[in-house]
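Got your viewer open? Switch on a cartoon view, keep the selection box handy, and follow along stop by stop.

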Amino acid sequence: MSDETSSKPDQTIVFWVYLFMFILSVICSLFILSQFFVKPTLRKRLHNHIILIVVTCSFIQVICELPFVLAFFRNQTALYPSYLFCTIWCLIDYPFNVIILMLICYGSIERYLLVFHRNMITNHLILLHYLPIAFCLIYPCVFYIGMICFYPCTQQYDYTQITCQGPCYLFEQIPGSADLLINMATPMTIRVIVNLTIIIRVLHKKHRMKQQRKWKKNRFLVLQLMSIVFAHNLVWLPIILSLLYTLFSPVVEQAIIDLSVNMFTYSIYIVIMICPFISLGGLTDLHPTIYSNLCGRIQRQQSRVQPITHTPAGYI
């Protein structure tokens, strides 16, 4: 058995785990999106907009791409081993991954403004809220359509790899490095710095001002997005660091390459599928709805259970 094969997780186990997570993720996403649809107050709150868009994007990616991934784990090859299919797979995977990365990055910046400079963002909603969100949604689509479909390089897909090994521009130093540094490393670095700044400033203000009511409000704003940031950083930081290492190190260890290709790739899809559950934890307005639904189901099940009375044999 080769080192590459031994470094891969068991495909059958991965398939069933992913299938189970896929079903739960779709159910959770549909619940969150339906609640945003029926409850206008959720949509009106500024701090929920990024959460809603991230959940929507992760839901679209799960619905559109995860069937390809599940088929790959099941068959050990691309669902349709063709140039067109691999191109479509890349056009789903790469833009959505970067869209979510950039949305969470700007969500961290916006959360900083909401906590410490709320008047600034409320007075400039178009400039500081809607335009950045639009940029995060449009720029990755335009960039990856251009690079995947129109960049002049010889495309040689490998049907035995996730996303068919990716588009050909990734294997050229300048465009591949630019993609990694600008679209992945920069948003990751910004959001790490911003979130550390938020934590330090919130703790400092809490200690200095002793305003418990304001602290509780700020704590909610911070923790709502921080859980999503933490989950994404847990997965993306090792991936980006390993890619930077392979990019700039004069001698690249084969173990790092195998780890980044075989292990980190799988973890990206896991964080996409658990994103709705993490988001649901931060949407405290939905917790009473969940609690009431669960209690209602338990009460209905208990009411269906009727006591069984035993009649003595002599009275039959």
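## The whole chain

Colour by secondary structure to begin: the protein has 11 helices and zero strands. Keep in mind that this is a predicted model. If you walk along from the N terminus, the elements read α-α-α-α-α-α-α-α-α-α-α. Of the 316 residues, 44% count as buried. Now think about who touches whom: among contacts between residues at least 6 apart in sequence, 79% join residues at least 24 apart.

## Stop 1: helix α5

Select residues 83-116, which make up helix α5. How far apart should the ends of its 34 residues be? At 1.5 Å a residue, the expected span is 50 Å, and the end C-alpha atoms are indeed 50 Å apart, so the two agree. Next, bring back everything around the helix. The rest of the structure largely encloses α5, because 29 of its 34 residues are buried.

## Stop 2: the nonpolar cores

Pick out Y18, F73, W89 and L103 and show their side chains. These are the residues that touch the most other members of the largest nonpolar core, a set of 72 residues. Helices α2 (11-38), α4 (49-75), α5, α7, α8, α9 (212-248) and α10 (254-282) each put at least two residues into this core. Which helix gives the most to it? That's α5, with 15 residues.

Zoom in on L103. Setting aside residues up to four places away in sequence, L103 touches I50, I53, V54, C57, I133, C136 and L137. There is also a second, separate core of 13 residues; to find it, select L46, V115, V194 and V202, which are among its members.

## Stop 3: a pocket

Turn on a surface and look for the second largest pocket, which holds about 190 Å³ of space. To get to its centre, select M102, C105, F135, P187 and I190, the closest to that point of the 13 lining residues. Helices α5, α7 (125-149) and α8 (173-209) each supply at least two residues of the lining, and α8 gives the most, with five. What classes of residue will you see when you colour the lining? You'll find 11 nonpolar, two polar and no charged residues.

## Stop 4: a long-distance meeting

Select I270, which you'll find in helix α10. Is I270 buried, exposed or in between? I270 is partly exposed, because its relative accessible area is 32%. Now add Y18 to the selection and measure between the two C-alpha atoms in your viewer: in this model they are separated by 7.7 Å, although the residues are 252 apart along the chain. Leaving out neighbours within four places in sequence, I270 is in contact with Y18 and M21.

## Stop 5: two loop residues with an unusual angle

Before you select anything, a bit of background: most residues other than glycine have a negative phi.

- Go to Q76, in the loop between α4 and α5. Its phi is positive, about 65°, although Q76 is not a glycine. With 42% relative accessibility, Q76 counts as partly exposed.
- Then jump to Q165, in the loop between α7 and α8. Here too phi is positive, about 80°, and Q165 is not a glycine. Q165 counts as partly exposed, at 35% relative accessibility.

Note on methods:
Residues are numbered from 1 along each chain as its sequence is written. This is a predicted model: local features need pLDDT of at least 70, side-chain atom pairs count only at pLDDT 80 or more; totals for chains, interfaces and linings use all residues. Side-chain values use heavy atoms; hydrogens and water are left out. Helices (H or I, at least four residues) and strands (E, at least two) are DSSP runs, numbered from the N terminus. The expected span of a helix is 1.5 Å times one less than its number of residues. Buried means under 20% relative accessible area, exposed over 50%, partly exposed in between (1.4 Å probe, protein chains only). On a 1 Å grid over the protein atoms alone, a cavity is a set of points where a 1.4 Å probe fits but cannot get out, and a pocket is an open set with protein on both sides within 12 Å along at least five of seven lines; lining residues have an atom within 4 Å of a point. Grid points are joined across faces, edges and corners, and a volume is the space filled by probe spheres set on the points. Ala, Val, Leu, Ile, Met, Phe, Trp, Tyr, Cys and Pro count as nonpolar, Asp, Glu, Lys and Arg as charged, and the others, Gly among them, as polar. A nonpolar core is a set of buried Ala, Val, Leu, Ile, Met, Phe, Trp, Tyr and Cys residues joined through side-chain atoms within 4.5 Å. Contact means heavy atoms within 4.5 Å.
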